[in-house]
Amino acid sequence: TQEDNQLKLVLQAGLDQYTLRTTSIFPKSLSYFRSPTSLGGAAISGTTINTNYNMTASLVHSYFMDNGLSFTTQVGSFQQSFNRNTVITTATGLNGSQTNLDQSTNIGVQQIRRPQEDKGFFFQEEVNFQDKVIGTVGYRGDKSTNNGDADQFYYYPKVSLAINLHEFDFFPTTDVLSTVKPRVAYGESGRFSNFNDRFTSVGAQLIGGTSGLSPNNLRGNPDVGPERQKELEYGLDFGLLNNRIGVDVTFYTKKMVDVLLQQQFATSSGFTAQVGNAAKLRNDGIEIGINATVIQNSS
């Protein structure tokens with residue numbers, strides 16, 4: 001019947017842009033600039049323009065059965081763009097009390113650009129039986145221009161299960177113990193590599209009066225990929241005194257693989273370092289949360 005099915009199309013978009021301008025002035029009259037061998041005063045001007053946007057489209061289908069069993073299916077895709085452009089101009093050897101950049105002996109310019117494009121898809125299925133048993137299965141695929149292969153997808157699954165024991169007829173609820181919910185979950189996520197990890201950057205050089213470019217010491221890695229985090233957690237939530245006191249206990253094991261690490265590189269290649277997926281980390285722990293409604297008055 002029509003009441004048993006619901007289908008929604010969800011569209012989301014966002015745009016964030018800001019411009020940051022900074023000015024730093026160190027007049028020649030400062031004591032540590034008076035020496036003829038010093039910079040003779042300095043003026044630094046910086047401008048950063050940062051533009052981010054994101055778009056997400058998803059379909060959400062819900063199906064309800066007469067026995068209290070329901071299914072919620074969600075599938076969609078997303079696109080994100082990040083673009084940062086920073087220009088820093090440094091002028092030294094200021095003339096007299098002047099602070100303008102052009103009223104100086106030497107001018108240096110530095111520009112840093114960080115473009116990034118991320119795309120992906122996601123899928124999730126949630127099954128709910130009368131709020132007694134709730135299970136979720138999900139899958140996500142991401143790709144980014146920051147990875148060595150910008151067209152390669154990396155996949156991240158997730159699954160969870162929770163049981164509200166207090167919703168079953170056999171559970172003896174009392175004023176002291178109101179709710180009990182054991183739960184377990186496993187999920188994976190990733191962090192993209194940095195913009196300059198896949199590229200070999202170059203710097204300006206002046207040799208024999210001719211301007212040119214030469215590679216820097218950090219070698220780009222065409223095989224670099226994202227870090228991956230895998231976490232398994234299980235715990236127990238319970239409420240006391242008609243849920244006026246809630247206690248959450250969670251045990252977790254978190255593993256990080258393909259951790260991005262700057263490694264030494266053979267100097268015979270002309271470089272000294274390279275960023276690669278070269279480390280592993282593991283954390284085990286416990287989290288305990290307690291919340292309480294100390295005073296509650298009816299209005």
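In this predicted model, Arg183, Glu233 and Asp237 are joined up in a network of salt bridges. Across the whole structure, the count of salt bridges comes to six.

Two more of these contacts bring strand 7 and strand 11 into the story. In one, Glu188 forms a salt bridge with Arg228, and the closest N and O atoms sit 2.8 Å apart. Glu188 belongs to strand 7, which covers residues 177–191, while Arg228 belongs to strand 11, which covers residues 227–240. The two partners are 40 residues apart, so this contact links distant parts of the chain. Both ends are tucked away, too: Glu188 is buried, and Arg228 is buried as well.

The other contact pairs Glu227 with Arg191, again through a salt bridge, with 3.3 Å between the closest N and O atoms. Here Glu227 comes from strand 11 and Arg191 from strand 7, so the pair ties together parts that lie 36 residues apart in sequence. How much of each partner is open to the outside? Glu227 has a relative accessibility of 8% and counts as buried because the cut-off for that label is under 20%. Arg191, on the other hand, comes in at 39% and counts as partly exposed.

A further salt bridge has its partners close in numbering: the side chains of Arg282 and Asp284 meet at 3.0 Å, N to O. Asp284 is partly exposed, with 48% relative accessibility.

Next come the aromatic rings. A pair of rings is described by how far apart the centres are and by the angle of the planes. Searching the whole structure turns up seven aromatic pairs. One of them is made by Tyr139 and Tyr155, whose ring centres are 5.8 Å apart and whose planes meet at 10°, so this pair is stacked. Tyr139 sits in strand 5 (residues 133–144) and Tyr155 in strand 6 (residues 154–163), so the stack ties together parts 16 residues apart in sequence. Neither label is "buried" here: Tyr139 is partly exposed at a relative accessible area of 37%, and Tyr155 is partly exposed at 36%.

These two tyrosines also have company, since ring pairs link Phe121, Tyr139, Phe153 and Tyr155 into a cluster.

Finally, one ring has a charged neighbour. Lys132 lies over the face of Phe168, at 5.3 Å from the centre of the ring.

Technical notes:
Residues are numbered from 1 along each chain as its sequence is written. This is a predicted model: local features need pLDDT of at least 70, side-chain atom pairs count only at pLDDT 80 or more; totals for chains, interfaces and linings use all residues. Side-chain values use heavy atoms; hydrogens and water are left out. Rings of Phe, Tyr and Trp (its six-membered ring) pair if their centres lie within 6.5 Å; planes under 30 degrees apart count as stacked, over 60 as edge-to-face and the rest as tilted. Helices (H or I, at least four residues) and strands (E, at least two) are DSSP runs, numbered from the N terminus. Buried means under 20% relative accessible area, exposed over 50%, partly exposed in between (1.4 Å probe, protein chains only). A charge sits over a ring if NZ of Lys or CZ of Arg is within 6 Å of the ring centre and within 35 degrees of the ring normal. A salt bridge is a side-chain nitrogen of Lys or Arg within 4 Å of a carboxyl oxygen of Asp or Glu.
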